[in-house]
Amino acid sequence: MARVLVIGGTGFIGRPAVRQLLDHGHAVLIVHRGRTATEVARGAHAVQGDRSDVVFLRGVVSQFRPDVTVDLISYCEAHMQAVLSALDGVTSRLVALSSADVYRNYDGLRRRSSAPPDPGPLTEDAPVRDRWYPYRDAKISGEPWLADYEKLAVEQAVSTAREVEGTVLRLGKVFGPRDGQRHLEGYLDRVLESARVIQLEPGQASWRWTRAFVEDVAHAIVLVVGDPRAVGRTYNVGEANAVPERDWFMAVAAAAGVVVSVEETDTDLVPAQYRTGFDWRYSLETATDRVRTELRYHEIVGWSKGVERMVGAAMTKRSREPRPKQP
């Protein structure tokens with residue numbers, strides 16, 4: 001079994017990843033920022049500090065001497081360079097999380113590119129974006145890190161590192177309980193707020209973005225940690241057959257016990273708060289054959305049960321929240 005250093009092991013993906021690593025007999029040390037509830041799984045050890053502080057991180061690495069480092073929260077080049085500097089000469093294996101937003105179709109979806117849509121499912125060799133920093137011109141308050149967000153820079157740093165053998169996992173849209181970005185709870189909000197009809201923009205109902213339940217992502221991480229064949233490889237991780245938007249809304253509604261219909265209409269007729277400005281011709285459906293063939297990856301939960309779990313947790317949380325007083 002391996003000594004595994006997990007950077008960001010108390011967050012959304014980190015919790016199930018650490019738990020599954022422990023279940024497989026690995027020794028786990030977590031580095032975390034202390035910004036989330038520090039629920040450290042029994043059997044794991046944790047240290048709090050700034051992962052961008054090379055001196056701090058180098059000290060942790062030198063003392064623990066991990067066989068494999070799993071970086072769950074590198075969002076930009078500076079993050080990854082700090083990790084690589086800390087690992088230099090101590091450990092050689094690194095697992096880094098990336099995203100399907102590296103593909104060129106993501107720029108097309110957001111109308112930042114006029115290139116024709118690349119046909120899906122997108123393999124790991126599909127064209128990637130030629131414009132970096134997708135959110136640098138976005139006005140998103142409270143998220144200053146988005147200006148430097150770039151998973152392509154993270155991937156490039158991993159692939160060009162001389163002393164580290166890296167594996168990159170390009171994740172689909174990850175969902176599940178405790179998702180701080182509410183990737184699927186937004187669907188639940190709309191289902192519960194709707195007048196039983198979900199109005200989508202033209203082309204949106206059949207659009208696909210490969211998704212993955214958080215426990216299944218954790219399973220992929222465990223497989224990579226335990227298999228040296230993953231060294232130097234990039235893997236798409238997500239469902240085998242991407243489910244279209246229409247079916248996601250219907251699945252969320254069914255799990256919530258709500259009957260809805262989904263229809264496409266003119267963009268002007270879609271409620272203003274749900275107009276995206278996206279070009280829905282650009283699919284983000286990714287091919288996951290490589291990870292399934294090489295590492296024998298399979299879902300341990302799957303999207304259908306994952307939706308039920310997420311909706312169940314969200315509905316329970318809502319039932320416990322205090323209701324506003326009637327005037």
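Author: In this predicted model, helix 8 passes helix 10 in a right-handed crossing.

Reader: What makes helix 8 oblique to helix 10?

Author: Helix 8 (residues 245-256) and helix 10 (residues 303-320) pack at an angle of about 50°, and their axes are 9 Å apart. Angles under 35 degrees count as roughly parallel and those from 65 to 115 as roughly perpendicular, with the rest outside the over-145 class called oblique; the angle between helix 8 and helix 10 therefore makes the pair oblique.

Reader: Which residues of helix 8 and helix 10 make the contact?

Author: Helix 8 contributes W248, A251, V252, A255 and A256, while helix 10 contributes W303, V307, E308, V311 and M315. Sorted by class, this contact of helix 8 with helix 10 has nine nonpolar residues, no polar ones and one charged residue.

Reader: How do you know which strands are the edge strands of the sheet?

Author: Seven strands form an open sheet in the order 3-2-1-4-5-6-10, with parallel pairing, and strand 3 (45-48) and strand 10 (234-237) are its edge strands, since each pairs on one side only. Neighbouring strands of this sheet are turned against each other by 20° on average, direction ignored.

Reader: How do you know that strand 5 and strand 6 pair?

Author: Two strands pair if at least two bridges are found between them, and strand 5 (residues 93-99) and strand 6 (residues 165-171) have seven bridges, in the parallel sense. Within these strands, V95 stands opposite T167 in strand 6.

Reader: Where do helix 2 and helix 3 lie with respect to the strands?

Author: Helix 2 (residues 54-64) packs on the sheet, where it touches strand 1 (3-7), strand 2 (27-32) and strand 3, and its direction makes about 170° with that of strand 2. Helix 3 (residues 77-87), for its part, lies across strand 1, strand 4 (68-71) and strand 5, and runs at about 175° to strand 5.

Reader: Why is helix 2 called oblique to helix 3?

Author: The two helices pack at an angle of about 40°, with their axes 8 Å apart. Since roughly parallel requires an angle under 35 degrees and roughly perpendicular begins at 65, the angle between helix 2 and helix 3 makes them oblique. The crossing of helix 2 and helix 3 is right-handed.

Reader: What makes up the contact of helix 2 with helix 3, by residue and by class?

Author: From helix 2, V54, L57, R58 and V61 meet A82, V83, S85, A86 and L87 of helix 3. The residues of this contact divide into seven nonpolar, one polar and one charged.

Conventions. Residues are numbered from 1 along each chain as its sequence is written. This is a predicted model: local features need pLDDT of at least 70, side-chain atom pairs count only at pLDDT 80 or more; totals for chains, interfaces and linings use all residues. Side-chain values use heavy atoms; hydrogens and water are left out. Axes are lines fitted to C-alpha atoms, for helices over the stretch in contact, and angles run from 0 to 180 degrees between N-to-C directions. Helices (H or I, at least four residues) and strands (E, at least two) are DSSP runs, numbered from the N terminus. A crossing is left-handed if the near helix is turned anticlockwise from the far one by less than a right angle, and right-handed if clockwise. Contact means heavy atoms within 4.5 Å. Ala, Val, Leu, Ile, Met, Phe, Trp, Tyr, Cys and Pro count as nonpolar, Asp, Glu, Lys and Arg as charged, and the others, Gly among them, as polar.
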